[in-house]
Amino acid sequence: MGSGHSFTAAAATEGVLIRPDRLGGIRAIDPKAGTVTVEAGTRLRTLNMALAQQGLSLTNMGDIMEQTAAGATSTGTHGTGRASGAIAAQLRGLELVTADGSLLRCSATQNPEVFAAARVGLGALGVVSALTFAVEPMFLLAAHEAPMTFDRVTATFDELHAHNEHFEFYWFPHTDHCNTLRNNRTVGPHAPLGRFRTWFEDEFLSNNVFQALSSVCRAVPAAVPAIARITSQGLSARTYTDIPYKVFTSPRRVRMIEMEYAVPREAVLDTLRELKAMIEHSDLRISFPVEVRTTPADDIALSTASGRDSAYVAVHVYRGMPHQRYFAEAERIFVAHEGRPHWGKLHTQDAAYFADAYPRFGEFTALRDRLDPDRRFTNAYLRTVLGD
Ligand SMILES: Cc1cc2nc3c(=O)[nH]c(=O)nc-3n(C[C@H](O)[C@H](O)[C@H](O)COP(=O)(O)OP(=O)(O)OC[C@H]3O[C@@H](n4cnc5c(N)ncnc54)[C@H](O)[C@@H]3O)c2cc1C
């Protein structure tokens, strides 16, 4: 297991569980080669901070940094990017302890068939012991957040995606309001949010106030549309410039559960409009925004962006609120658009579905048969998604 941040039972076991707590730390940084090698259990926070001290950074990442390097890559964790993909797509090498106890190193040139699969390996191919990521000299990102109507975001989505290195947006169900986030490289100057503003907006409003409002919504679901309208109208624009991990990530303390599917990028607007219509024509009361992100196609067998430019649509529910009907209806829409679920977020798909959804599914399962014929590394989740 990694840090236990998956919503699926990907890391749950009825057998022996290996915790990575003592397999953390930076093994080597090679600024000339532009790589860093970390022990598999290293938290992304530790990695980001160690790189920053050396004047280096990952190119792209998701929205928190509590996960381990191996856990995040193994399920295809991603942020948003026009040209830069998931964290696993930034790997240059990987070290695996396989079922027979041997150490297997892989990269684009060494055991390339293992590298093609093991970067998003779901824990099924062996114990990842170390990972080598591509890094680049530290850079600054100018972050621009601005509210926008649903119609305007969807009408200009292709431009917003094409004109920004990292574009994403949130739509607030029961309203026509969205919040857009555009992050682009800049030469500076460094102009971070002040300490008070960071605390007030990213901690107090995004966590404490949101937590309190979510609790009200859970107690009085009928109040959700009115609260959504008030809070989404209160959004205001903000602009700042900071180093990548301080722009990409923020604390997320409000407990929720999540489903996220990758659809072909060209299908994302239809997917979202159908999701909006479904919510509007139902009696569902959804208090969490829907998040839309993108990544370019990559070459990893079971990456959600394998072989196709992708957009991600994520639906969330506050912990303790019913999610079954919302997620089932959303999943029906995602599946109709050839969606591929995030391996670490709720879904109901099985091996038969994935064999269709991933052209390289057979390549992965053949490697699993070769590396772990006796299924030393398996659990109920893997039996469902990969087959016995
Ligand atoms: C608040 C929150 C925010 C999130 N934000 C994002 C986001 O922005 N983008 C996104 O894509 N996802 C996001 N996620 C999902 C999360 O990134 C993934 O579920 C990720 O896999 C969790 O990493 P972990 O270290 O907790 O791994 P775990 O959940 O503990 O394990 C995940 C998988 O990795 C395997 N694994 C772990 N370590 C090893 C190892 N050493 N060798 C072999 N297999 C291993 C496990 O067996 C399991 O299959 C978020 C989740 C939460 C709770």
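**Overall fold, ligand shell and core**

The chain holds 12 helices and 15 strands. The model is predicted. Its C-alpha atoms fill a box of roughly 60 × 50 × 35 Å along the principal axes. The radius of gyration is 20 Å. A compact globule of 388 residues would have a value near 21 Å, so the chain agrees with that expectation. Buried residues account for 42% of the 388 residues. Contacts often span long stretches of sequence. Of those between residues at least 6 apart, 74% join residues at least 24 apart.

A shell of 30 residues surrounds the ligand. Gly 2, Gly 62, Gly 71, Gly 123 and Gly 344 come nearest. Two elements give two or more residues to this shell: helix H2 (69-74) and strand E6 (127-134). H2 supplies the largest share, with four residues. By residue type, the shell around the ligand divides into 17 polar, 11 nonpolar and two charged residues.

In soluble globular proteins, nonpolar side chains tend to be buried together. Here, the largest nonpolar core has 93 residues. Within this core, Leu 131 and Val 313 touch the most other members. Strand E14 (residues 310-318) gives the most to the core, contributing six residues.

The contacts of Leu 131 were then listed, leaving aside neighbours within four places in sequence. Leu 131 is in contact with Val 38 and Ala 40. Leu 131 also contacts Ala 69, Ala 70 and Thr 73. Leu 91 and Leu 94 complete the set of contacts.

Methods. Residues are numbered from 1 along each chain as its sequence is written. This is a predicted model: local features need pLDDT of at least 70, side-chain atom pairs count only at pLDDT 80 or more; totals for chains, interfaces and linings use all residues. The radius of gyration is taken over C-alpha atoms; the globule rule is 2.2 Å times the number of residues to the power 0.38. A residue is buried if 20 or more other C-beta atoms lie within 10 Å of its own, exposed if 12 or fewer, and partly exposed in between; C-beta atoms are placed from the backbone. Two residues are in contact if their C-beta atoms, placed from the backbone, lie within 7 Å. A residue is near a molecule or strand if its C-beta atom, placed from the backbone, lies within 6 Å of it. Ala, Val, Leu, Ile, Met, Phe, Trp, Tyr, Cys and Pro count as nonpolar, Asp, Glu, Lys and Arg as charged, and the others, Gly among them, as polar. A nonpolar core is a set of buried Ala, Val, Leu, Ile, Met, Phe, Trp, Tyr and Cys residues joined through C-beta atoms within 7 Å.
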